[in-house]
Amino acid sequence: MTTDQGILFAIFAGFFIVLLSGKWRYDLVAFVALLSGVITGVVKSDAAFSGFGHPATIVVALVLVVSAGLVRSGAVFLITRTMIDAGRSVGAHITIMGGVGAVLSAFMNNVAALALLMPVDMQTARKAGRNPGATLMPLSFATILGGMVTLIGTPPNIIIAAIRGEATGVPFQMFDFAPVGGVTALVGLVFIALVGWRLIPSGSQEQGAAARLLELSDYVAELLIPKGSELIGAKLHTLYEEAEKADVAIIGLSRNGKRHHGTARNAVIAAGDALVLEASPESLDEFRIAMKLEFTDATGKEQGAAGEGLELVEVVVPDGGRITGRSAISIGLRWRKRAVLLGISRQGKRIKQRVRSTQIEAGDILLLLVPNDARDDIVDWLGCLPLEDRGLAVTQDSKTWVAIGVFTAAVLAASFGWLYLPIALGVVVVAYVLLKILPLADIYDHIEWPVVVLLGSMIPLGAALDEAGGTQLIANALLGLTAGLPAWAILAILMAVTMTLSDVLNNTATTIVAAPVAISMADSLNASADPFLMAVAVAASCAFLTPIGHKNNTLVLGPGGYGFWDYWRMGLPLEILVLIVSVPAILVFWPL
């Protein structure tokens with residue numbers, strides 16, 4: 001072992017030991033590890049920050065922005081309402097979402113599949129009142145498993161196919177991975193749905209106290225029935241089922257400025273009526289999209305279905321504020337500031353007047369619809385205090401299919417090799433900005449920067465380990481260790497070592513390192529290289545122990561609220577199960 005190899009192994013060991021202690025956040029530890037490598041000379045200074053421009057880091061950042069665009073466009077609401085039921089048990093939800101994720105991952109890049117389904121899963125968790133951490137990790141693992149089934153599902157399969165082509169002249173084809181990958185994925189999905197999710201730390205299963213403290217009472221709000229609405233002529237009670245599905249309470253109907261309660265249940269809906277609702281901002285927006293309702297301004301006129309160029313802001317009313325003791329109408333909120341009072345939350349008390357006519361009291365929490373460029377000015381003018389930004393946004397539901405179309409086209413272009421995945425995702429982000437689906441000013445708010453720092457710091461260290469011969473050292477030791485062992489044991493050891501490397505390096509680098517070793521093993525046994533290459537393809541994809549081995553695990557790290565070591569609880573038994581299932585499957589479908 002050389003000095004550089006020893007230093008790098010020591011840095012990696014120290015990195016994992018410090019993370020295990022739980023005293024410091026993973027991004028800080030990773031950055032310190034990178035600086036240690038630079039100071040000791042094992043990482044070149046000019047390559048120190050190369051990880052921040054690495055495709056893996058760029059993909060993770062872009063996917064988070066694209067996911068936000070899919071949410072803002074209403075695509076996520078569309079998927080959630082058509083196939084997801086928040087009333088299902090966690091196990092049933094994971095079975096359905098995991099199955100859908102695995103199937104999508106087989107025919108599109110598994111990172112893109114997770115990008116589409118992750119916001120759906122988070123919306124469902126919100127409606128079900130549970131922490132998204134209970135289901136995001138299972139979804140990530142499911143999309144990783146599904147990607148093993150076809151050539152285009154995951155980068156290791158593409159690399160293995162190319163290496164096989166160089167070695168034999170004939171690369172693996174689209175569905176050559178299906179027999180082994182399909183069996184392994186199916187067994188893995190069953191484990192995740194029945195057992196795996198129960199192994200996630202309890203802190204990720206339920207909403208924490210901090211999250212509950214941030215929850216606000218529902219707002220009393222109004223949405224307008226526009227001209228030409230399909231709801232015109234229907235009775236109000238026919239909307240109750242859809243309202244319940246969106247977690248909205250219909251508490252009345254307002255017509256010609258007069259509020260109707262109780263008997264309004266059987267009222268026949270007319271154009272210009274305003275539904276009086278009690279809901280959270282997210283539920284209110286979902287119900288607006290589902291029923292094709294409109295915002296209203298101070299005169300009851302339509303504000304616009306999409307709310308383009310507008311954003312939601314929550315403020316608390318203090319003593320002495322301009323609006324304290326006055327109503328939105330009397331203060332001229334609409335005509336003076338082009339803003340709309342959408343809802344009022346008053347410590348659980350029922351608002352009996354129309355929202356825009358209600359006299360505002362100190363302590364009220366207001367939900368405002370304001371122009372994107374005037375938020376701070378309006379809040380100051382009202383004399384209110386803004387609440388912490390919860391990421392509320394006005395869904396651009398008129399652009400749902402445009403957003404889906406752009407995303408689908410980019411995924412297809414990447415899947416068939418017409419565009420490099422980071423470039424394809426970058427095109428999606430630019431298109432979403434130009435189409436005004438995502439405001440340019442909000443793009444960077446959707447990126448999990450601690451995750452970017454983690455990846456950007458660890459990638460140069462992994463590359464340095466490879467350049468210093470550390471991975472080859474492991475490969476040589478593996479060849480010596482397996483001498484004289486039966487074929488199944490050699491395959492199992494090869495897969496176990498490849499999985500371990502993939503948990504530390506990224507799966508692409510691991511495949512490039514392990515594939516030549518697999519071919520050498522096959523040559524030493526005078527056997528076909530195919531089963532050994534297939535073993536590397538499966539093992540390199542199955543990086544379930546850490547968030548840095550696979551981009552999908554990195555993507556859910558922040559949104560799921562996981563710690564660095566939370567992955568191994570479900571990941572370790574899953575990796576063992578993959579070994580138990582895939583080794584016999586390889587020997588059956590790809591005999592020596």
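Visitor: Why is D273 called buried or exposed, whichever of the two applies?

Guide: In this predicted model, D273 has a relative accessible area of 2%, and since buried means under 20%, D273 is called buried. D273 lies in the loop between β3 (258-260) and β4 (274-279), and once residues up to four places away in sequence are set aside, D273 touches L223, L224, I225, L253, S254, R255 and V268.

Visitor: What makes those residues count as touching D273?

Guide: Contact means heavy atoms within 4.5 Å, so each of the residues L223, L224, I225, L253, S254, R255 and V268 has to meet that cut-off with D273 in order to be listed.

Visitor: How do you know whether P460 is buried or exposed?

Guide: The relative accessible area of P460 is 4%, and because the cut-off for buried is under 20%, P460 counts as buried. P460 is found in helix α18 (residues 449-467), and apart from its neighbours within four places in sequence, P460 is in contact with L34, V43, A47, A48, S50 and G51. The C-alpha atoms of P460 and K44 are separated by 9.0 Å, although these two residues stand 416 residues apart along the chain.

Visitor: What makes the pair D530 and R164 a salt bridge?

Guide: The closest N and O atoms of D530 and R164 are 2.8 Å apart, and a salt bridge asks for a side-chain nitrogen of Lys or Arg within 4 Å of a carboxyl oxygen of Asp or Glu, so the pair qualifies. The two partners belong to distant parts of the chain, with D530 in helix α22 (residues 530-541) and R164 in helix α8 (residues 155-168), 366 residues apart. Side chains of opposite charge can pair when their charged atoms come close.

Visitor: Why are D530 and R164 described as buried or exposed?

Guide: D530 has 12% relative accessibility and R164 has 12% relative accessibility, so, with buried meaning under 20%, D530 counts as buried and R164 counts as buried.

Visitor: How many salt bridges does a search of the whole structure find?

Guide: The search finds two salt bridges. Besides the one between D530 and R164, the side chains of D377 and K337 meet in a salt bridge at 3.1 Å, N to O. This pair, too, links distant parts of the chain, for D377 is in helix α15 (residues 375-382) and K337 is in helix α14 (residues 333-337), 40 residues apart. D377 has a relative accessible area of 43%, which lies between the 20% and 50% cut-offs, and therefore D377 is partly exposed.

Visitor: Which residues form the negative surface patch, and what makes D247 suitable for it?

Guide: The patch is formed by D218, E241, E244 and D247, and Asp and Glu count as negative. D247 lies in the loop between α11 (240-245) and β2 (249-255). A patch residue needs over 30% relative accessible area, and D247 has 46%, so D247 passes that cut-off and is partly exposed.

Visitor: What makes the nonpolar surface patch, and why is I423 called partly exposed?

Guide: L412, F416, W418, L419, Y420, I423 and V427 make a nonpolar surface patch of about 760 Å². I423, found in helix α17 (residues 421-434), has 47% relative accessibility, and because partly exposed covers values between 20% and 50%, that is how I423 is classed.

Visitor: What is the secondary structure of the chain, and how much of the chain is buried?

Guide: The secondary structure comes to 24 helices and eight strands, and of the 592 residues of the chain, 55% count as buried.

Conventions
Residues are numbered from 1 along each chain as its sequence is written. This is a predicted model: local features need pLDDT of at least 70, side-chain atom pairs count only at pLDDT 80 or more; totals for chains, interfaces and linings use all residues. Side-chain values use heavy atoms; hydrogens and water are left out. Patches are made of residues with over 30% relative accessible area and no salt bridge: like charges are joined within 9 Å, nonpolar side chains (Val, Leu, Ile, Met, Phe, Trp, Tyr) within 5 Å. Accessible areas come from the Shrake-Rupley method with a 1.4 Å probe; for residues, only the protein chains shown count as cover. The place of a charge is taken as NZ of Lys, CZ of Arg, CG of Asp or CD of Glu. Helices (H or I, at least four residues) and strands (E, at least two) are DSSP runs, numbered from the N terminus. Buried means under 20% relative accessible area, exposed over 50%, partly exposed in between (1.4 Å probe, protein chains only).
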